[in-house]
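Please open the model in a viewer and keep the sequence panel visible. The tour below proceeds by selection, with a short account of what is found at each stop.

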Amino acid sequence: MNKPSIDQQALRTLARLTFGNAASLVYLGAVAAAAVFVTVDTLLVAHDDASFAGVWLFLLAAPTVFVFLLGGSLAGAESFGPAWFMYLALTVSVLVQSLALGWFVRLVRGGARRHRTAHPQGA
């Protein structure tokens, strides 16, 4: 059997950190629920005035989404830029934050394991 290359191992590690732990899955589930809520509210509910349902997605994607949007505005895009850029910024920021959560969980669990295995049993 061929050993996986370093690139494949890095991709597997990134995927595991982003999607392979409870904290990341809960976060991604909350984002998916908010996206469904925003979609239903936008398409199926009639409002006399503007709805603030989309704010929930930005709150869940904060603070990284604002970094991406600021970068887009510095690159010359208008206030929020084209719609595709806003959706891309939301998607990438949610994935980056899910990766950060997975990394934090790994850091906390790895630290706890090192602490437990550092002492011999019974000492």
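The stops run from the whole chain to single residues and ring pairs.

**The whole chain**

Begin with the entire chain, bearing in mind that this is a predicted model. Colour the chain by secondary structure: there are 5 helices and 0 strands, and the order along the sequence reads α-α-α-α-α. Next, colour by confidence. The mean pLDDT of the protein chain is 82, and 78% of its residues reach 70 or more. Among the elements, the highest mean pLDDT belongs to α2, at 93, and the lowest to α4, at 82. Where pLDDT is low, the predicted coordinates should not be read in detail.

Colouring by accessibility is also useful here: 24% of the 123 residues of the protein chain count as buried. As for contacts between residues at least 6 apart in sequence, 64% of them join residues at least 24 apart.

**Helix α2: A22 and D41**

Select residues 22–44, which make up helix α2. A22 belongs to this helix. A22 counts as exposed because its relative accessible area is 52%, and the cut-off for exposed is over 50%. Now add L101 and draw a C-alpha to C-alpha distance: A22 and L101 are 9.5 Å apart in space, although 79 residues separate them in sequence.

Move along the same helix to D41. Which side chain of opposite charge is nearest to D41? It is R109, 35 Å away; D41 is buried and has no salt bridge. Beyond its neighbours within four places in sequence, D41 is in contact with H47, S51 and A53.

**Helix α3: G54**

Select G54, which lies in helix α3. G54 is partly exposed, with a relative accessible area of 26%. A distance drawn from G54 back to F37 gives 8.7 Å, C-alpha to C-alpha, for two residues 17 apart in sequence.

**The nonpolar core**

In soluble globular proteins, nonpolar side chains tend to be buried together. In this model, the largest nonpolar core has 16 residues. Show L57, F58, V65, L69, L90 and V94 as sticks; these have the most contacts inside the core. Helices α2, α3 (54–61), α4 (64–74) and α5 (83–117) each give two or more residues to this core.

Centre the view on V65. Which residues does V65 contact, leaving aside its neighbours within four places in sequence? They are F58, A89, L90 and S93.

**The aromatic pairs**

Finally, display the aromatic rings; the structure holds 2 aromatic pairs. Select F58 and F66 for a stacked pair, with centres 6.4 Å apart and 25 degrees between the planes. How does accessibility differ between the two partners? F58 counts as buried because its relative accessibility is 17%, under the 20% cut-off, whereas F66, at 43%, counts as partly exposed.

Then select W84 and F85. Their ring centres are 6.0 Å apart and their planes stand at 90 degrees, so this pair is edge-to-face. W84 is exposed, with a relative accessible area of 58%.

Terms used. Residues are numbered from 1 along each chain as its sequence is written. This is a predicted model: local features need pLDDT of at least 70, side-chain atom pairs count only at pLDDT 80 or more; totals for chains, interfaces and linings use all residues. Side-chain values use heavy atoms; hydrogens and water are left out. Helices (H or I, at least four residues) and strands (E, at least two) are DSSP runs, numbered from the N terminus. Buried means under 20% relative accessible area, exposed over 50%, partly exposed in between (1.4 Å probe, protein chains only). Lys and Arg count as positive and Asp and Glu as negative; His and the chain ends are not counted. A salt bridge is a side-chain nitrogen of Lys or Arg within 4 Å of a carboxyl oxygen of Asp or Glu. Contact means heavy atoms within 4.5 Å. A nonpolar core is a set of buried Ala, Val, Leu, Ile, Met, Phe, Trp, Tyr and Cys residues joined through side-chain atoms within 4.5 Å. Rings of Phe, Tyr and Trp (its six-membered ring) pair if their centres lie within 6.5 Å; planes under 30 degrees apart count as stacked, over 60 as edge-to-face and the rest as tilted. pLDDT is the predictor's confidence in each residue, from 0 to 100.
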